[in-house]
Structure formats: structure tokens, C-alpha cells
Amino acid sequence: MKKLYLLLPILMVQSIFAQTANLIREESLMKRVEFLTSPKLQGRLAGSEYYNAAASYGAEEFGKAGLKPFGGEKYFQYLNIEYNQILPGEEFSVIRADGSEKKCEIGKDYIYRGFSGSGNITAPVVFCGYGISDSLYDDYKSVDLNGKIAMVFKYQPKWNIEKHVWQNGNPREKARIAFQHGAVGILYVSFPNDDKPQLPIASVISGSGEQNINFPELHIDLPIADEILNGTEFTLKNLQTKIDSTKNPFSVSTKNKVKIKVETDYAKEKKTMNVVGLLEGKDDKLKNEYIIIGAHLDHVGGQGGKVYFPGANDNASGSAAVMEIAHAFAEGKIENKRSIIFVLFTCEEQGLYGAKYLANHLPVKQEQVVAMMNMDCVGFGDSIQIGNGKSAPQLWQIAKQIDVNNDKMMIETTWNGGGADAAPFHDKGIPAIYFVTKNSYEHLHELTDKPETLNKSLYQQITKLAFLTVKEIAEGKYQKENVLK
Ligand SMILES: [Zn+2]
């Protein structure tokens, strides 16, 4: 009797967990991910009709989950963004000194930068180190780049020279510097001397400044870079070694040319939208307090009508999780006292533009928002980590306690200062936490970020943890904490 008395509360707690946990299902999460990564949605580039189709699907799912439209125009909160699409008909090849041609394969040998310009050129290639040009360090000094194509390291040096700070080195800046020196296009290369050199990846990050619509920008694979250097006495590896060891510019005219043919559809301003839905609180007083749970729905799109980047982990996983959690509240008839705003953000990949827009145009007063939860890349990896716990330790602790009573998959590692789409909310003084799996980025922005690579049980576990966390906050026990910087 005594034993049973002790056991009963534990059994009850466990069965509540089991009950609510059953509301988050691996099959339905994966079904959503399958749809979001399907060819029909072509990698969900913000501003494209494919992203819009994903957003319509999100709105439909929010409707089915009983959420009220909360975006301004139905579920949609509109904003304008910069947009660029690589059109069909593109080609890239290396033309060797003997006239022979090596046709390259998009997605493997090269990937266009999201904000590549158009061009139809065959021109010699000059290797120009880091592509830096200032008064203290100049890769373009005594280089004839007129009508040629620059090949430069994608990132800035990991070292520095005395009293010198590198510019940010974003692609648009490197492209502009090369263009100013007479180049007609640019090839970015990863560091060959890294332990695990980065493969060409798709990225729509550009940096500030005007778009050069007639200036192709590609990220090429290391073997292609060495093919281009063939005929000189250098490989890319020993060029990097030479520059990094001397901390001096060293540029090389190659013997080979490349052919680039690409057309893009650029728009300075294109309409896109966040998808926003409201689950009203069931307590007369607490319903005026809000929790935001969000994930970015966009990814980096497709290129040339030949390839698209499915973004299963990044971030079909988080988007599907947010939809699944919305459904779980409805299906489980959860008595949330506080109101919950569910969001699918647009345009994270370019620079968190959807999240920034919502943080600056909240449909409620900022003081009414007690917590923000972000889910980004939650389907691949080996354990659960919750970021920004150093800035919102009480939120982090709620999740940790739930994990301890549950799957025990959450590690201690965390950070401060926000992170991804949590950052714009954190910056405004809203306590935020960021759900992400550990070792999540193996396939990041690659063609291989597909549903079949996901760790499905971990994905279900982190979604369940997010659900139970938002549920607990919505029950009203948590008091809004002061954000630590
Ligand atoms: Zn991404």
C-alpha cells in the first residue's frame, strides 16, 4: 500500500508524458518533410512561387490545427526581399591550354552563388589569393585582370597582419573588388588545407551593396581549381600554404580558361511572407501573454532547372515540427492558458529577414511576449542541444527538466546572444531558446540534405521536447525572465 502510494504520482507523470508524447508522431513529421522537400517545391527559395506554395501548405496546416490567422492578411505577413534565380540553360567548363574542354557538373563541381549575375564568357583565370585589396594587403597588386576571371578563397585569412582588420569578406564585397580590377567573373574556392575542406555549397548570403547583374559568381570544387591551375607549378594547396606562411599576397596567372554561361532573374524587391497563426490562451488573464514558436520555411532553392537543394534538415525539419506541434495542441485538447503564436519564417537563408520583420512588426505588444522558441535543423545528428540558454537560463532549465524526465537526449552545451531566427527576438529583450540537434550540419546546403538522411527517432524526440516545453510555458508556471546578454 505504502509502495503504491509512492509509485502512483510517478506512474501518473509518466502516463501524462506518454499520452502527450504520442501526439508527436514520426510518420506525420516525415510526411510533412517529404512534401516540403519534394521536387514540386524546388528548395523553397524565398520570393519564388515554390516558396509561396510551401507557405500555402503551412497556412493550410495551421488552419487544420485550428489556429487563427494572425499575419495581417489571413495567415500571411508580407514583406519585400531581394531575389535572384539561376535560370535554365547554364553551363560551366574548363577550357585547357590545348583546347580540350572539361564540362563540369552543377551541384558537384560547382554551384552558383545565390546572387550570381548573368554572363556568357570564355576567359583566362587568374588566381588572386584571398581577393583582398587595401592599403596594407593587396592580392591585385601588379595583376592584369582585365577581361579575365578571378579565382579567390571564399573566406578571409584565419591570420592577421599587424594593426589590420579584414573587411567582412562577404561574396558581394569580393566580387566588387574583383570587378573594380577589371574581372568579368569570380570563382570562389574553399580552403584546401582545412581538415575537412568545404564542398561547394548553395548559399544566398550576399552581404550589403548593389547587385552586379552582369557578373557571374561560382563556388567551385577543389579538383576543378587544380584543373585550372594545371600547367602552372602550383596546386591550390601549396598556394594556400605559401600565402598563409608568408602572410604575403601571391597571385598567379593560369594557363587555362573557363567558360561560363548563365542567366539570372534578379529583382531588387520581391514579395514574400511569414506564415503566422494564433492559438488563443484559455485563461482570461494569461491569454494576454504570448509565446512565439517558429522555424524558417525557406531554403536556398534550385539552380538552372537541373538541381534543387531539398533542405530536409535545413529546415523542412523545423517547419514540419512547428506544424506538428500546432496539431498536437488541437488533437490533445491542451489547456494552454497563455496564447501561442506559431510562425513559419521566410528568408532566413539570406539573413533572417522574416524573423527580423516579425520581431519589428509584432501583432501584439512586445511586453506581452514572454518567450520565443526557434527550431532550426532538428532532424540530423546525434543528440539535442538548446541554444541561447545562457541568455534565457530559466527557459533552458524548463526544457532540461522535461528532458531529464523523458528521453535524456539533451546535452549541456548552450550559448548566449540568440542564434539564427531567435536572434532578432533576443535582441529586443524577449527570452528565447533555440532547438537544434548536435552535429547537425553534415549535409548543410548540399544536394544530399534529403529526408532519408534524417535521424527520425531523434527528430521525433526533439519535437516532442519542444512541444512539452511550449506546453509547460503555456500553462503559466514560467515568469518572464530578464534576458542576459
Ligand atoms: Zn540554411
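User: Which residues in α10 meet L465, L468, T469, E472 and I473 in α12?

Analyst: In this predicted model, helix α10 covers residues 393-404 and helix α12 covers residues 456-474. On the α12 side of the contact stand L465, L468, T469, E472 and I473, and the residues in α10 that meet them are I398, A399, I402 and D403.

User: How do the residues of the contact of α10 with α12 divide into nonpolar, polar and charged?

Analyst: The contact brings I398, A399, I402 and D403 of α10 together with L465, L468, T469, E472 and I473 of α12. Sorted by the character of their side chains, the residues of this contact divide into six nonpolar, one polar and two charged.

User: What word describes the direction of α10 relative to α12, and why?

Analyst: The axes of α10 and α12 come within 9 Å and cross at roughly 125°, and α10 passes α12 in a right-handed crossing. Angles of 65 to 115 degrees count as roughly perpendicular and those over 145 as roughly antiparallel. The crossing angle fits neither of these classes, and therefore α10 is, relative to α12, oblique.

User: In what order do the eight strands of the open sheet stand, and which are the edge strands?

Analyst: The eight strands form an open sheet with mixed pairing, and their order is β4-β3-β10-β6-β7-β8-β9-β5. A strand at the edge pairs on one side only, and this holds for β4 (101-103) and β5 (110-112).

User: What is the bridge partner of V94 in β4?

Analyst: Strand β3, made of residues 91-95, pairs with β4 in the antiparallel sense over three bridges. In β4, the residue that serves as bridge partner of V94 is K102.

User: Is the pairing of β6 with β7 parallel or antiparallel?

Analyst: Strand β6 has β10 on one side and β7 on the other in the order of the sheet. With β10, the strand β6 pairs in the antiparallel sense over eight bridges, and A123 stands opposite V258 in β10. Towards β7, F127 stands opposite M151, and the pairing of β6 with β7, over three bridges, is parallel.

User: Across which strands does helix α4 lie, and at about what angle does α4 run to β8?

Analyst: Helix α4, formed by residues 171-180, lies across β7 (149-153), β8 (185-189) and β9 (217-220). Taking the direction of β8 as the reference, α4 runs at about 135°.

User: About what angle does the direction of helix α5 make with that of β10?

Analyst: Helix α5, residues 222-229, also packs on the sheet, touching β3, β4, β5, β6, β7, β8, β9 and β10. Compared with the direction of β10 (252-262), the direction of α5 makes an angle of about 125°.

Technical notes. Residues numbered from 1 in each chain as written. Predicted model: local features only at pLDDT ≥ 70, side-chain atom pairs only at ≥ 80, totals over all residues. Pairing = 2+ DSSP bridges. Helix = DSSP H or I, 4+ residues; strand = E, 2+ residues; numbered from the N terminus. Contact = placed C-beta atoms within 7 Å. Axes fitted to C-alpha atoms, helices over the stretch in contact; angles between N-to-C directions. Parallel < 35°, antiparallel > 145°, perpendicular 65-115°, else oblique. Left-handed = near helix turned anticlockwise from the far one by under 90°. Nonpolar A, V, L, I, M, F, W, Y, C, P; charged D, E, K, R; others polar.
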